[in-house]
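Student: I would like to learn how to read the contacts between a protein and DNA. Where should I start?

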Amino acid sequence: MSESKIKERTPITGEDKKELECPSCEESVQIRDYSENKVICNNCGRVIKDKIKDRGPEWRAYDQKEKENRSRGGPPMKETIHDRGLSTQIDWKNKDSKGKSISPEKRSKIYRMRKWQKSTKMNEQKDRNLSLAFSEIQRMSSQLGLPNNVRDVSSKIYRKAVDEDLIRGHSIEGMATAALYIASRKNQVPRTLEEFAEVSYMDKNEFCKNYRYMARELDLDLPPADPVNYVARFSSDLDVSGEVKTRAISLINKAQEERLTVGKGPSGIAAGAIYLASKLEGEGRTQSEVAEAAGVTEVTLRNRYKEIKEAFDLDA
DNA sequence: CGGAGTAAAAGGCACTT
DNA sequence: AAGTGACTTTTACTCCG
């Protein structure tokens with residue numbers, strides 16, 4: 001290990017909490033400090049700062065020796081491995097760590113240890129349950145392009161659901177989907193129920209019930225998804241310009257101030273705003289194109305679009 | 001074809017018996 | 001735990017340019 005590996009960390013000041021400017025967006029950039037460990041541009045979705053909570057060791061090493069003394073060993077706990085990656089496997093071979101055979105007296109002891117390990121660990125339904133759920137979460141989150149922190153949060157939620165005995169009587173797939181859905185909402189990177197239904201084995205109504213049940217039982221407060229968080233994704237599907245995107249976001253923000261959006265489906269609002277913005281910016285997109293991208297019907301789009309248009313007296 | 005609108009059916013939510 | 005009512009969304013259809 002070289003001397004250069006010891007980094008001096010700057011102390012954390014209040015500056016970190018402040019709003020930053022996103023390098024890839026122009027004006028009116030909103031940046032939020034999302035619950036996990038990232039600062040993500042609310043406008044374009046760019047990750048400005050990663051792992052902001054990992055500020056390195058809380059101590060400072062003044063020389064190599066001190067560093068070695070103070071470092072704590074072991075790999076980090078991995079939330080997505082069913083036993084948090086802390087398990088020790090007992091090998092089936094009757095050899096010790098140096099490859100020598102083990103004496104007959106010790107063999108019976110080892111045998112008992114294996115048996116014990118099997119009955120307490122491998123055979124526990126709970127762990128199978130978690131392994132299955134975590135691999136489902138892994139699969140779906142990569143198919144949906146969700147960031148790793150969302151995956152980890154959903155694993156945490158699922159583990160908690162298991163601990164509180166909420167899974168019994170429900171399918172593992174459904175509850176895993178529900179946990180991921182909740183995590184994606186909590187981390188402000190929502191995907192619509194339809195998008196989840198596409199990658200899940202469950203149908204929409206099935207895990208929809210699961211997620212409500214889960215959110216209620218775990219006392220998770222899930223504020224309604226912000227339409228702004230859908231804009232970036234829908235617009236890139238539609239291949240519209242950044243101007244349309246920012247315009248749509250500002251329309252949504254204004255509409256929210258006017259209380260036009262309460263009780264309405266967020267994806268419908270996003271669709272209406274994008275459609276109107278594309279018209280205002282002279283990049284006509286058809287209603288059916290936008291509606292398709294947002295996963296709502298044209299009628300819903302028209303309703304939102306009309307409301308926003310009339311509220312601000314915009315002619316398009 | 002794209003846009004606008006409507007009526008009726010369906011679905012979800014808060015609240016009550 | 002089923003029922004109710006206000007509300008949003010969808011379905012299906014019509015009309016216009």
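Student: How does the surface near DNA strand C divide into nonpolar, polar and charged residues?

Tutor: Keep in mind that this is a predicted model. The surface near DNA strand C has 1 nonpolar, 4 polar and 2 charged residues. Those residues are G263, K264, G265, T297, V299, T300 and R304.

Student: Which parts of DNA strand C do the atoms within 4 Å of the protein belong to?

Tutor: Sugar or phosphate accounts for 79% of them, and bases for the rest.

Student: Which side chains have a polar atom by a phosphate oxygen of that strand?

Tutor: A polar contact is a pair of N or O atoms within 3.5 Å. For R304, a polar side-chain atom is 2.2 Å from a phosphate oxygen of DNA strand C. For T300 the distance is 2.4 Å, and for T297 it is 3.0 Å.

Student: What surrounds DNA strand B?

Tutor: The residues are N205, R212, Y275, T286, Q287, V299, R302, Y305 and K306. By class, 3 are nonpolar, 3 polar and 3 charged. Of the DNA strand B atoms within 4 Å of the protein, 68% are in sugar or phosphate, and the rest are in bases.

Student: Where do the side chains of R212, Q287 and R302 make polar contacts with DNA strand B?

Tutor: R212 has a side-chain N or O atom 2.5 Å from a phosphate oxygen, and Q287 has a polar side-chain atom 2.6 Å from a phosphate oxygen. For R302, a polar side-chain atom lies 3.0 Å from a base oxygen. Two elements, α7 (204–217) and α12 (298–311), each give two or more residues to the surface near DNA strand B. The largest share, 4 residues, comes from α12.

Note on methods. Residues are numbered from 1 along each chain as its sequence is written. Chains are lettered from A and ligands numbered from 1 in the order in which they are written. This is a predicted model: local features need pLDDT of at least 70, side-chain atom pairs count only at pLDDT 80 or more; totals for chains, interfaces and linings use all residues. Side-chain values use heavy atoms; hydrogens and water are left out. A residue is near a molecule or strand if one of its heavy atoms lies within 4 Å of it. A polar contact is a pair of N or O atoms within 3.5 Å; within protein, one must be able to donate a hydrogen and the other to accept it, and residues adjacent in sequence count only if both atoms are side-chain atoms. Ala, Val, Leu, Ile, Met, Phe, Trp, Tyr, Cys and Pro count as nonpolar, Asp, Glu, Lys and Arg as charged, and the others, Gly among them, as polar.
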